[in-house]
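New to this one? Here's a quick briefing to read with the structure open beside you.

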Amino acid sequence: MGNAQSYIAASLSVCCVYLVYDHIYRSHKLLKTNVLNNDSLPSFVYLYIKYVTRALTRRTGYLYTAPREQSEVVYTLLNCRLETPLLRRFSSAAGYGWDYPDTEYRDIPLCFPEILCRRLLLMSLTDKNFSLSPAGLLRVRQSLKTLEPVDELKRGPFMLQVRVLEYRQLDAGVEVDICLSATSRSGCAVWESVLTLLSKNKHHRAGRCSHEDEHAFQPDEPVPDNVKQVELRVPRTTGLQCVWSFSDNNPYRFLSLPARLVGYRSQAAPSLWMLSVCLAEIEKHKGVEVITAPASVTAHFKEPLLVPGRVTIKFWEMTKDKDQSPARGLSFDMQQNGSNISHICGLISR
């Protein structure tokens, strides 16, 4: 009996040493450089530890003073390859359909490259030179553009990069712009997205969007009569699907899983899911040419979308003048059914 206990204790010790080495020490050494290879990345376990540590030691809505030796927060990932199973799960959850990657003349969904940047983004938010708390960051705006067809990423190894651009102090808290980009094997820029995240000041009583955001996106012409409307049901399992299908590794998502499992309705659908669903419905009804590269999408995220529920997606063409000149863009909006509460509004331009 004593020998068995000693054997078990020794086995557990070896496993603990291995886990500490593989998930913590090795990850710590990897983060000594800002340029990494796709087959050698820090583990999510280590990044979660950093996330929790910084979340507990920093308050939200406060811009911390940068040390003199602070360097730019930028991470580059080399030799990336497209994962077809991940693309299928994303397409299924985001409204495109499981078989979307097999459909001819269809480009990779515009929001999908952000999923590939998920670990780099978490590395940036937990970097020692990142001047905000990583906890509670709200997505308030996103500017996305494609310079080449996103399908170019299927042709071979490509490069991903996440870079923190700038901070802005507001009454509502602190905003930060983070640029995500994908570059093809030939060195051509394919996809770029600038996320604007808000670290909210808890003492500020305004809504999700700052005062600057409320008027940041207002069409300069009235909504026409021929608006296309699509009603969708947002199931209770939306958040769970996004954790699996989007590979959403945000620690907050995992911490809120018990509440979702028992049907607690204070859980909001991910902002990326809302944007993806809007673009998927627009492509279904207006054709793939609407979002074929080169194209740009500007989106503003307003009220959170609680699940379950029902929403109405509206989209209409924006014209240059009253003479119905060729469209200069396509506007879209997602609202809660039966009310004027807007969750997301945006513009697609070419």
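What follows is a short tour, from the whole chain down to single residues.

Keep in mind from the start that this is a predicted model. The protein has ten helices and eleven strands, and 48% of its 350 residues are buried. Salt bridges come to a count of eleven, while disulfides come to zero.

**The whole protein**

- Take the contacts between residues at least 6 apart in sequence: 72% of these join residues at least 24 apart.
- The accessible surface adds up to about 18000 Å², and carbon and sulfur atoms account for 54% of that surface.

**Cysteines without partners**

- Why does Cys111 not form a bond with Cys278? Cys278 holds the closest cysteine sulfur to that of Cys111, but the two are 9.5 Å apart, which is too far for a bond. A disulfide would need the sulfur atoms within 2.5 Å.
- Cys117 tells a similar story, because its closest cysteine sulfur, in Cys80, is 8.0 Å away and too far for a bond.
- Are Cys111 and Cys117 buried or exposed? Cys111 is buried, with a relative accessible area of 1%, and Cys117 is buried as well, at 0%.

**Salt bridges**

- Glu114 and Arg139 meet through their side chains in a salt bridge, at 2.7 Å from N to O. This pair links distant parts of the chain: Glu114 sits in helix H4 (residues 112–116) and Arg139 in strand E3 (residues 137–146), 25 residues apart.
- Both partners count as buried: Glu114 has a relative accessibility of 7%, and Arg139 has 14%.
- Strand E3 turns up again in the next pair, where Lys145 forms a salt bridge with Glu192, their closest N and O atoms being 3.8 Å apart. Lys145 is in E3 and Glu192 is in strand E6 (residues 189–200), so the bridge ties together parts that are 47 residues apart in sequence.
- Here both partners are partly exposed, Glu192 at 27% relative accessibility and Lys145 at 34%.
- Arg168 and Asp177 form a salt bridge too, with 2.7 Å between the closest N and O atoms. Arg168 is partly exposed at 23%, whereas Asp177 is buried at 10%.
- Which residues are linked in a network of salt bridges? The network takes in Arg141, Glu166, Arg168, Glu175 and Asp177.

**Two helices that cross**

- Two packed helices are described by the angle between their axes and the distance between the axes.
- For helix H2 (residues 44–57) and helix H5 (residues 118–125), the axes come within 9 Å and cross at roughly 35°. The crossing of H2 and H5 is left-handed.
- On the H2 side, the residues that meet H5 are Phe44, Leu47, Tyr48, Tyr51 and Arg54. Their counterparts in H5 are Arg119, Leu122, Met123 and Leu125.
- How many of the eight residues of H5 are buried? Six are, so H5 is mostly covered. The buried ones are Leu120, Leu121, Leu122, Met123, Ser124 and Leu125.

**A look at Tyr75**

- Tyr75 belongs to strand E2 (residues 74–80) and is buried, at 2% relative accessibility.
- Leaving aside neighbours within four places in sequence, the contacts of Tyr75 include Leu31, Thr33, Asn34 and Leu36. Leu120, Met123 and Ser124 are also among them, and these three are buried residues of H5.
- Asp127, Leu160, Gln161 and Val162 are in contact with Tyr75 as well.
- Where does Val162 sit relative to Tyr75? The two are 87 residues apart in sequence, yet their C-alpha atoms are 5.4 Å apart in space.

**A look at Ser331**

- Ser331 is found in strand E10 (residues 327–336), where it is buried with a relative accessible area of 1%.
- Which residues is Ser331 in contact with, leaving aside its neighbours within four places in sequence? They are Lys314, Phe315, Trp316, Met318, Gly346 and Leu347.

Methods. Residues numbered from 1 in each chain as written. Predicted model: local features only at pLDDT ≥ 70, side-chain atom pairs only at ≥ 80, totals over all residues. Heavy atoms only, no water. Buried < 20%, exposed > 50% of the residue type's maximum accessible area, 1.4 Å probe, protein only. Salt bridge = Lys/Arg side-chain N within 4 Å of Asp/Glu carboxyl O. Helix = DSSP H or I, 4+ residues; strand = E, 2+ residues; numbered from the N terminus. Contact = heavy atoms within 4.5 Å. Areas by Shrake-Rupley, 256 points an atom, 1.4 Å probe, with all protein chains shown as cover. Axes fitted to C-alpha atoms, helices over the stretch in contact; angles between N-to-C directions. Left-handed = near helix turned anticlockwise from the far one by under 90°.
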